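Got a minute to go through this one together? Let's ask what earns each label.

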Amino acid sequence: KMARALVDFLEELDSNAELKESYLKNPVATAKDYGLTDEDVAIIKNKDWDTVRKLFEGAGKSIKTISY
């Protein structure tokens, strides 16, 4: 469940311009407002893309290259 929320958040960034704009201004606050767990917020804060890639693979999704 926890992993899904982070995957959902990152996927929504691709399709939700308002969310992405907010994320680019303040990634951590945006992640918290979205309802991510502290652990998931830390992944965003640390830009831990290796973990993100594993979550996407675990969810059976292909990850897009995240450049932000």
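Q: Which residue just after H5 takes a positive phi?
A: That's glycine 60, with a phi of about 75°. Bear in mind that this is a predicted model.

Q: Which residue has a positive phi although it is not a glycine?
A: Lysine 47, at about 50°. You'll find lysine 47 in the loop between H4 and H5.

Q: Why is lysine 47 called partly exposed?
A: Its relative accessibility is 43%. Buried would need under 20% and exposed over 50%, so lysine 47 falls in between and counts as partly exposed.

Q: What makes aspartate 38 exposed?
A: Aspartate 38 has a relative accessible area of 64%. The cut-off for exposed is over 50%, so the label fits aspartate 38. This residue is in helix H4. Its C-alpha atom is separated by 9.9 Å from that of valine 28, and the two residues are 10 apart along the chain.

Q: Why does threonine 30 count as buried?
A: Threonine 30 comes in at 4% relative accessibility. Buried means under 20%, so threonine 30 counts as buried. You'll find threonine 30 in helix H3, residues 27-34.

Q: What joins the side chains of threonine 30 and serine 22?
A: A polar contact of 2.8 Å. The limit for such a pair of N or O atoms is 3.5 Å, and 2.8 Å is within it. Not counting residues up to four places away in sequence, threonine 30 touches Phe9, Leu19, Ser22 and Tyr23.

Q: Why are H2 and H3 called oblique to each other?
A: They pack at an angle of about 135°, with their axes 5 Å apart. Roughly antiparallel takes over 145 degrees, and roughly perpendicular covers 65 to 115. The angle of about 135° fits neither range, so H2 and H3 are oblique. On the H2 side the contact is made by Leu19, Ser22, Tyr23, Leu24 and Lys25, and on the H3 side by Pro27, Thr30 and Tyr34.

Q: In helix H5, which residues are buried?
A: Val52, Leu55 and Phe56, in a helix that spans residues 49-58.

Q: How do you know that they are on the same side of H5?
A: The arc they cover around the axis is only 100°, which puts them on the same side of H5. The face turned away from that buried side carries the exposed residues Lys54, Glu57 and Gly58.

Q: Which residues touch the most other members of the largest nonpolar core?
A: Of its 15 residues, those are Leu6, Phe9, Leu10, Leu36 and Ile44. H1 (2-15), H2 (17-25), H4 (38-45) and H5 each supply at least two residues of this core. H1 gives the most, with 5 residues. As a general point, nonpolar side chains tend to be buried together in soluble globular proteins.

Q: What is leucine 36 in contact with, leaving aside its neighbours within four places in sequence?
A: Its partners are Ala5, Leu6, Phe9, Ala31, Val41 and Ile44.

Q: What pattern does the protein follow along the sequence?
A: The pattern is α-α-α-α-α, from 5 helices and 0 strands. Of the 68 residues, 28% count as buried. Among contacts between residues at least 6 apart in sequence, 54% join residues at least 24 apart.

Key: Residues are numbered from 1 along each chain as its sequence is written. This is a predicted model: local features need pLDDT of at least 70, side-chain atom pairs count only at pLDDT 80 or more; totals for chains, interfaces and linings use all residues. Side-chain values use heavy atoms; hydrogens and water are left out. Buried means under 20% relative accessible area, exposed over 50%, partly exposed in between (1.4 Å probe, protein chains only). Helices (H or I, at least four residues) and strands (E, at least two) are DSSP runs, numbered from the N terminus. The arc is that of the directions from the helix axis to the C-beta atoms. A nonpolar core is a set of buried Ala, Val, Leu, Ile, Met, Phe, Trp, Tyr and Cys residues joined through side-chain atoms within 4.5 Å. Contact means heavy atoms within 4.5 Å. A polar contact is a pair of N or O atoms within 3.5 Å; within protein, one must be able to donate a hydrogen and the other to accept it, and residues adjacent in sequence count only if both atoms are side-chain atoms. Axes are lines fitted to C-alpha atoms, for helices over the stretch in contact, and angles run from 0 to 180 degrees between N-to-C directions. Angles under 35 degrees count as roughly parallel, over 145 as roughly antiparallel, 65 to 115 as roughly perpendicular and the rest as oblique.
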